[in-house]
Amino acid sequence: MTLDATLTKAAQAHSEDMAAHRNMSHTGSDGSSPGDRITRAGYAWSTYGENVAYGYGTPEQVMSGWMSSPGHKANILNCAFEEIGVGLAQPGHYWTQDFGTAR
């Protein structure tokens, strides 16, 4: 998996949206889905996934939490995803991982 600037842009924007509204969700405050946000950021995807989390103070802690959750772990280990973007916003440590494979 490689880091992608466009997925990072989408992930960061979603983390900032969650922090601003104090709401951890895959649905944005404007009703958007992860696919909507990734597309809006300019990523032309053939497949995508998203992990979100709240309250973990360090990257190690949030990764441990995600790896302890079957659904989140499945996204992290999904070989269909070739690229990743990560966002973190304050206050409250709102984390987003956006995964994708471009068309």
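Arg40 and Asp30 are both exposed, and in this predicted model their side chains meet in a salt bridge with an N to O distance of 2.9 Å. The pair links distant parts of the chain, since Arg40 belongs to helix 2 whereas Asp30 sits in the loop between helix 1 and helix 2, ten residues apart. The structure holds two salt bridges, and the other setting is that of Glu50 and Arg37, whose closest N and O atoms are 3.0 Å apart. Glu50 is part of strand 2 and Arg37 part of helix 2, so this pair ties together parts that are 13 residues apart in sequence. Glu50 counts as buried because its relative accessibility is 7%, below the 20% under which a residue is called buried. Arg37, at 8% relative accessibility, likewise counts as buried. Helix 2 therefore contributes Arg37 to a salt bridge with strand 2, while Arg40 of helix 2 is paired with a residue of the loop between helix 1 and helix 2.

The sheet to which strand 2 belongs is open and consists of four strands in the order 1-3-4-2, with mixed pairing. Its edges are formed by strand 1 (2–3) and strand 2 (45–54), each of which pairs on one side only. Strands of a sheet pair through backbone hydrogen bonds, in either a parallel or an antiparallel sense. Strand 2 and strand 4 run antiparallel and are joined by nine bridges, and within this part of the sheet Ala53 stands opposite Trp95 of strand 4. Strand 3 (residues 83–89) and strand 4 (residues 94–102) are also paired in the antiparallel sense, here over seven bridges. Along strand 4, Gln97 is the bridge partner of Val86, and Gly100 stands opposite Glu83. Eight of the nine residues of strand 4 are buried, so this strand is largely enclosed by the rest of the structure.

Two helices were examined for their placement against these strands. Helix 2 (residues 34–41) lies across strand 2 and strand 4 and runs at about 115 degrees to strand 2. Helix 3 (residues 59–67) packs on the sheet and touches strand 2 and strand 4, its direction making about 65 degrees with that of strand 4. Helix 1 (5–21) contains Ser15, which counts as buried because its relative accessibility is 0%. When residues up to four places away in sequence are not counted, Ser15 touches Gly87, Leu88, Ala89, Tyr94, Trp95 and Thr96. Among these contacts of Ser15 is Trp95, the residue of strand 4 that stands opposite Ala53.

The connection between strand 3 and strand 4 shows several backbone features. The hairpin of these strands has four residues between them, and in it Gly92 takes a positive phi near 100 degrees. Pro91, in the loop between strand 3 and strand 4, is preceded by a cis peptide bond from Gln90, with omega near 0 degrees. His93 is found in the loop between strand 3 and strand 4 as well, and its phi is near 60 degrees, a positive value in a residue other than glycine. With a relative accessible area of 25%, His93 is partly exposed, a class that lies between the 20% limit for buried residues and the 50% limit for exposed ones.

A positive phi is also found elsewhere, at Arg22, where the angle is about 50 degrees although the residue is not a glycine. Arg22 is located in the loop between helix 1 and helix 2, and it is classed as exposed because its relative accessible area is 60%.

Finally, the surface carries a nonpolar patch formed by Met63, Met67 and Leu77, which together have about 240 Å² of accessible area. Leu77 lies in helix 4 (residues 70–77) and counts as exposed because its relative accessibility is 52%, over the 50% required for that class.

Note on methods. Residues are numbered from 1 along each chain as its sequence is written. This is a predicted model: local features need pLDDT of at least 70, side-chain atom pairs count only at pLDDT 80 or more; totals for chains, interfaces and linings use all residues. Side-chain values use heavy atoms; hydrogens and water are left out. Patches are made of residues with over 30% relative accessible area and no salt bridge: like charges are joined within 9 Å, nonpolar side chains (Val, Leu, Ile, Met, Phe, Trp, Tyr) within 5 Å. Accessible areas come from the Shrake-Rupley method with a 1.4 Å probe; for residues, only the protein chains shown count as cover. A salt bridge is a side-chain nitrogen of Lys or Arg within 4 Å of a carboxyl oxygen of Asp or Glu. Buried means under 20% relative accessible area, exposed over 50%, partly exposed in between (1.4 Å probe, protein chains only). Two strands pair if DSSP finds at least two bridges between them. Contact means heavy atoms within 4.5 Å. Axes are lines fitted to C-alpha atoms, for helices over the stretch in contact, and angles run from 0 to 180 degrees between N-to-C directions.
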